[in-house]
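Reader: I should like to understand the reasoning behind the terms applied to this structure. Please set each value against its criterion.

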Amino acid sequence: MENKKNRRGVATGIYSATIVLLVALVLAAGNMVASRILGRIDLTRDQEFTISKATREILRGLDDVVTIRVCFSKKLPPNLAMLRRSIDDVLRAYQAYSRGKVRVEYIDPADSPEEEQNLRYLGIPQVQLNVVEKDQLQVINGYMGILIKYADRHQAIPIVQDVYTLEYDLTAGILQILSQEKRIVGFLSGTNAPELTREFESLGQILSKSYQIRPVDLQQGRTGVPPEIKTLVVARPQSIPERIQWQIDQFLMKGGRVLFMVDAMRLDEQIGLQSPIPVLSGIEEMLAHYGVRPQRALVQDRAPFIENAGFAQGFVRYSVAYPLWPKIPHKNMSQGSPITSRLEAVVLPWTAPLDLLVQEDAGGASGKDTTAAIGSSRQPNVRATVLARSSPHATLQKGRFDLTPPNPFQQLRQTDEGQSYPLAVALVGRFQSYFAGKPVPAVPGDTTGVVGSGEIALTESPETQVIVIGNSTFAYSNFLAMFPGNEEFTLNAIDWMTLGDRLIAIRSRGASDRPLGLASGGGKAVFKYLNTFGMALLVAIFGVIRLSTRRRSRQRIATQAAASEGK
């Protein structure tokens with residue numbers, strides 16, 4: 001009998017061990033198969049963690065092998081351990097969608113001094129990382145870069161700190177090395193414009209990842225815009241001479257793209273908000289000829305369509321909703337333009353309103369009657385899209401500007417007066433030259449007024465693009481840092497004019513400003529009381545239900561006991 005029990009116990013043990021082993025094998029095999037199959041469930045609204053359609057199309061169009069070398073040190077701080085896994089997930093997707101045309105290599109440059117020297121030459125620097133071990137802080141040297149290689153060309157991503165922009169950086173890098181064409185963005189200089197090394201330092205650094213950035217000094221109009229420039233940025237123009245206007249106009253007539261950021265005023269760093277200096281760009285009539293006229297005014301909006309600004313008074317610093325910093329939410333931006341269709345919000349501080357003088361695209365039509373403006377338009381082949389507009393409650397500040405923050409109590413007296421103003425407009429089409437039928441402005445120092453040798457005045461452009469924004473401050477480094485939507489908006493605009501709209505959808509997926517919708521007065525009260533008493537009420541209801549259940553249970557037991565005793 002004892003032996004039979006032992007045999008049964010041994011059989012049961014073998015059976016259990018076999019089941020456990022089979023389950024382990026199934027799990028291991030499933031894990032192995034799953035690791036080779038690309039699949040994931042992305043529940044985010046905009047599919048934030050899924051490779052975009054634009055990237056998939058680019059990868060499927062590869063006709064030769066592109067090598068991606070992940071140059072990461074083996075020893076990294078624990079907080080960066082997951083970063084390498086996330087990068088691997090993204091690159092596996094690239095391999096799958098490219099059908100083998102993307103090869104991924106992982107190397108630790110520290111293993112080979114020659115490799116380290118070569119990577120530094122190619123743009124992958126050594127970085128210093130903080131590591132905490134055994135309660136001691138250590139600083140180690142390491143690598144966190146990616147190198148993209150195609151034939152004899154390469155593109156470096158010097159440091160990868162997260163994967164939020166990794167898809168954009170990789171896809172832009174692949175496009176860059178596949179293209180033989182140089183993409184150069186010029187910034188007009190020499191006209192009291194903001195400098196790339198000061199106000200636009202951050203913008204220049206971000207743009208330099210995808211473009212060559214070049215200051216363009218037209219030398220008072222003696223030279224034209226270099227032909228290799230694809231997009232010209234004209235920021236905060238001031239008293240632009242007619243000869244420079246002509247050079248910009250001719251650049252447009254040759255098919256160049258121009259981004260105008262026109263300020264109505266500028267601040268003196270010494271005086272601050274007390275005495276803003278009105279700015280006369282000198283190109284108002286030229287822009288009006290193209291289809292948009294900036295007004296000499298500032299737009300002031302009301303809550304919730306404004307952003308908070310910080311101010312100092314003596315030793316006291318405070319933050320207040322500032323009417324001269326209009327915040328344009330998603331619903332007030334063009335849904336048909338790739339520049340703004342995926343943005344959540346943009347803040348345009350001290351911005352000027354724009355008058356629309358050409359026909360608005362049907363996709364972005366606001367319903368406003370522009371018949372009179374269209375009738376006098378000198379650009380019948382140009383269509384406009386209002387990229388951003390103020391709320392219907394905006395008003396204008398004209399004449400002498402007063403930038404001081406208002407008394408917070410004054411903001412309570414808000415009215416429904418005002419109207420919506422265009423703040424950023426995109427123009428597309430074949431433009432007529434502003435100087436058509438006019439004499440070509442003379443070169444400075446030339447009294448003959450004759451067109452120079454080799455200068456041919458073009459009167460009509462091919463299909464091209466112009467963007468006009470009533471402000472340049474929004475792209476300053478401090479505003480790009482405060483408002484991520486401003487960076488997306490600026491880069492999208494330059495990408496749209498220089499590359500088209502393929503990369504815009506990738507970058508805009510990172511937009512993270514998701515403001516709560518406004519509730520009515522009754523709705524606010526409901527949320528307030530639910531937030532204050534809701535949890536306590538739920539606990540009390542649970543307690544009552546629990547007490548009632550226990551009482552019924554005790555009564556049922558007592559009844560059953562009494563019935564048993566009666567038997």
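Author: The model is a predicted one. A suitable starting point is the salt bridge between E460 and R430.

Reader: What makes the pair E460 and R430 a salt bridge?

Author: The closest N and O atoms of E460 and R430 are 2.7 Å apart. The criterion is a side-chain nitrogen of Lys or Arg within 4 Å of a carboxyl oxygen of Asp or Glu, and therefore the pair qualifies.

Reader: Which parts of the chain does this pair link?

Author: E460 belongs to strand β22 (residues 460–469) and R430 to strand β21 (residues 422–432). The two residues are 30 residues apart, and the pair links distant parts of the chain.

Reader: Why is E460 called partly exposed?

Author: Its relative accessibility is 36%. Buried requires under 20% and exposed over 50%, so E460 falls in between. R430, with a relative accessible area of 34%, is partly exposed as well.

Reader: Why does R69 count as buried?

Author: R69 has 14% relative accessibility, which is under the 20% limit, and is therefore buried. R69 forms a salt bridge with E105, with the closest N and O atoms 3.2 Å apart. E105 is partly exposed, with a relative accessible area of 35%.

Reader: How do you know that helix α7 is largely enclosed by the rest of the structure?

Author: Eleven of its twelve residues are buried, so the helix is largely enclosed. Among them are W246, F251 and L252. Helix α7 covers residues 242–253 and reaches 16 Å from its first C-alpha to its last.

Key. Residues are numbered from 1 along each chain as its sequence is written. This is a predicted model: local features need pLDDT of at least 70, side-chain atom pairs count only at pLDDT 80 or more; totals for chains, interfaces and linings use all residues. Side-chain values use heavy atoms; hydrogens and water are left out. Helices (H or I, at least four residues) and strands (E, at least two) are DSSP runs, numbered from the N terminus. The expected span of a helix is 1.5 Å times one less than its number of residues. Buried means under 20% relative accessible area, exposed over 50%, partly exposed in between (1.4 Å probe, protein chains only).
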